[in-house]
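Visitor: I am new to this structure. Please take one part of it and go through that part closely.

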Amino acid sequence: MSRPPFEPASERDIRIVSAQLGRPARDVVGIPARCVCGAPTVVATAPRLSDGTPFPTLYYLTHPVATAAMSFLEAAQLMVECTELLASDPEVAAAYERAHLDYLADRESIAVVPEIAGISAGGMPTRVKCLHSLAAHSLSAGPGENPIGDIALERSTWTPEVCRCPDYGVDDVDDVDDVDDSDDADAATEARA
Ligand SMILES: [Zn+2]
């Protein structure tokens, strides 16, 4: 786990994240969390994308098994349970507020983007809207930082301690070319737009 400043992502990291997302990863500023095998589980993205778009979600969960586990927990109404916990436990609510402020501080240490000032992720500081975002924050900042993200990871059938990574095919030379080609094609499309 890590918080900014991040070490630069490797070319292989970028290829894995692109495979996880199903599109070329853009504006990656680091890999804040990894599987025990070393594959990225969370990607950190620049607060302003290279095309100028503000991007509030600094910590984004990319691992396919982890995202599926969070979707399952959302379907199982864990967000409702967590919302009730926030309403009934002032200590949890205060910790969640601190997590929100820490999230903003981490992001603003990379770049301050006025359009997204005060906006973090996942529903923080008072709501629970996306377990993927909150789990990504917990995986990056470590246990004890985001109480709702911690609960989501505790309930999850996935853990970074047990590798369940698929074969992303990133060590295949042809796939490397594919990623580069599509990136160039997208850039050309944007340039024309
Ligand atoms: Zn793994």
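Guide: What follows is a close look at helix α4, with its surroundings after it. This is a predicted model, in which local features need pLDDT of at least 70 and side-chain atom pairs count only at pLDDT 80 or more, while totals for chains, interfaces and linings use all residues. Residues are numbered from 1 along each chain as its sequence is written.

The protein chain has seven helices and three strands; helices (H or I, at least four residues) and strands (E, at least two) are DSSP runs, numbered from the N terminus. Listed from the N terminus, the elements run α-β-β-β-α-α-α-α-α-α.

Helix α4 covers residues 90-108, which makes 19 residues. The expected span of a helix is 1.5 Å times one less than its number of residues. For α4 that gives 27 Å, and the end C-alpha atoms are 27 Å apart, so the two agree.

Next comes burial. A residue is called buried if 20 or more other C-beta atoms lie within 10 Å of its own, exposed if 12 or fewer, and partly exposed in between, with C-beta atoms placed from the backbone. By this rule Tyr96, Ala99, His100, Tyr103, Leu104, Asp106 and Arg107 of α4 are buried. Viewed down the axis of α4, these residues fall within an arc of 160°, so they line one face of the helix; the arc is that of the directions from the helix axis to the C-beta atoms. On the face turned away from the buried side, α4 carries the exposed residues Pro90, Glu91 and Ala105. For the protein chain as a whole, 37% of the 193 residues count as buried.

What lies over the buried residues of α4? The cover includes α3 (78-88), α5 (131-141) and α6 (147-155). Contact here is counted when the C-beta atoms of two residues, placed from the backbone, lie within 7 Å.

Two of these covering helices, α5 and α6, also meet one another. Their axes come within 7 Å and cross at roughly 100°. That makes α5 roughly perpendicular to α6, a label for angles of 65 to 115 degrees, where under 35 is roughly parallel, over 145 roughly antiparallel and the rest oblique. Axes are lines fitted to C-alpha atoms, for helices over the stretch in contact, and angles run from 0 to 180 degrees between N-to-C directions. On the α5 side the meeting residues are Leu131, Leu134, Ala135, His137 and Ser138; α6 brings Ile148, Gly149, Asp150, Ala152 and Leu153.
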